[in-house]
Amino acid sequence: MENTLPVLRQGRGWSQQRLADELGVSRQTVISIERGRFDPSLPLAFRIARLFDTTIETIFVPGDSN
């Protein structure tokens, strides 16, 4: 799944570790989400959206399934 998480995170001047701490997850989880290797659970997606005061749909976009 494609996402705008790196852009949002960098816009706040946060490191991946800072975002991980804010979300209560590991830095590796943040890296995996940002790279599209891991799709967050729905509760985690909602936490991310709330943290950035936006919607899940704004952050996460289904990628090309081909």
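These are my notebook entries on helices, a core, an aromatic pair and two polar side chains in a predicted model.

**Entry 1: helix α4**

I began with α4, residues 42-51. I looked up its buried residues and found Leu44, Ala45, Ile48 and Ala49. Viewed down the helix axis, these buried residues fall within an arc of 140°, so they line one face of α4. I noted the background for this: an α-helix has 3.6 residues a turn, so residues three or four places apart point the same way. Next I turned to the face directed away from the buried side. Pro43 and Arg50 are the exposed residues there.

What do the buried residues of α4 pack against? I listed four helices and a strand: α1 (5-11), α2 (16-23), α3 (27-34), α5 (56-59) and β2 (60-61). I also checked what comes after the helix. Asp53 follows α4, and its phi is positive, near 50°.

**Entry 2: helix α3**

I ran the same check on α3. Its buried residues are Val30, Ile31, Ser32, Ile33 and Glu34. I note that Ser32 and Glu34 are on this buried list. The packing partners of these residues are β1 (2-3), α1, α2, α4 and β2. Gly36 follows α3, with a positive phi near 75°.

**Entry 3: the largest nonpolar core**

Which residues touch the most other members of the largest nonpolar core? I found Leu19, Ile48 and Phe60, in a core of 16 residues. At least two core residues come from each of α2, α3, α4 and α5. The biggest contributor is α4, which gives four residues. For background, I noted that nonpolar side chains tend to be buried together in soluble globular proteins.

I then followed Leu19 outward. Leaving out residues up to four places away in sequence, Leu19 touches Leu5, Arg9, Trp14, Val30, Glu34, Leu51 and Phe52. Two of these names, Trp14 and Phe52, took me to the next entry.

**Entry 4: the aromatic pair**

How many aromatic pairs are there? I count one. The ring centres of Trp14 and Phe52 are 5.9 Å apart and the ring planes stand at 45°, so I log the pair as tilted. The pair links distant parts of the chain. Trp14 sits in the loop between α1 and α2, Phe52 in the loop between α4 and α5, and they are 38 residues apart. I checked burial as well: both Trp14 and Phe52 are buried.

**Entry 5: Arg9**

Is Arg9 in α1 buried or exposed? Arg9 is buried, with a relative accessible area of 8%. I traced its side chain to the backbone oxygen of Trp14, which it reaches at 2.9 Å. With residues up to four places away in sequence left out, Arg9 touches Trp14, Ser15, Gln16, Leu19, Glu34 and Phe52. That list includes both members of the aromatic pair, Trp14 and Phe52.

**Entry 6: Asn3**

My last stop was Asn3, in strand β1. Asn3 is buried too, at a relative accessible area of 17%. Where does the side chain of Asn3 reach a backbone oxygen? I found that oxygen on Ile33, at 2.6 Å. I also found the backbone nitrogen of Leu5 3.0 Å from a polar atom of the Asn3 side chain. Setting aside residues up to four places away in sequence, Asn3 touches Ile33, Glu34, Gly36, Ile59 and Phe60. I recognise Gly36 from Entry 2, where it follows α3. Phe60 is familiar from the core in Entry 3.

Notes
Residues are numbered from 1 along each chain as its sequence is written. This is a predicted model: local features need pLDDT of at least 70, side-chain atom pairs count only at pLDDT 80 or more; totals for chains, interfaces and linings use all residues. Side-chain values use heavy atoms; hydrogens and water are left out. Buried means under 20% relative accessible area, exposed over 50%, partly exposed in between (1.4 Å probe, protein chains only). The arc is that of the directions from the helix axis to the C-beta atoms. Contact means heavy atoms within 4.5 Å. Rings of Phe, Tyr and Trp (its six-membered ring) pair if their centres lie within 6.5 Å; planes under 30 degrees apart count as stacked, over 60 as edge-to-face and the rest as tilted. A nonpolar core is a set of buried Ala, Val, Leu, Ile, Met, Phe, Trp, Tyr and Cys residues joined through side-chain atoms within 4.5 Å. A polar contact is a pair of N or O atoms within 3.5 Å; within protein, one must be able to donate a hydrogen and the other to accept it, and residues adjacent in sequence count only if both atoms are side-chain atoms.
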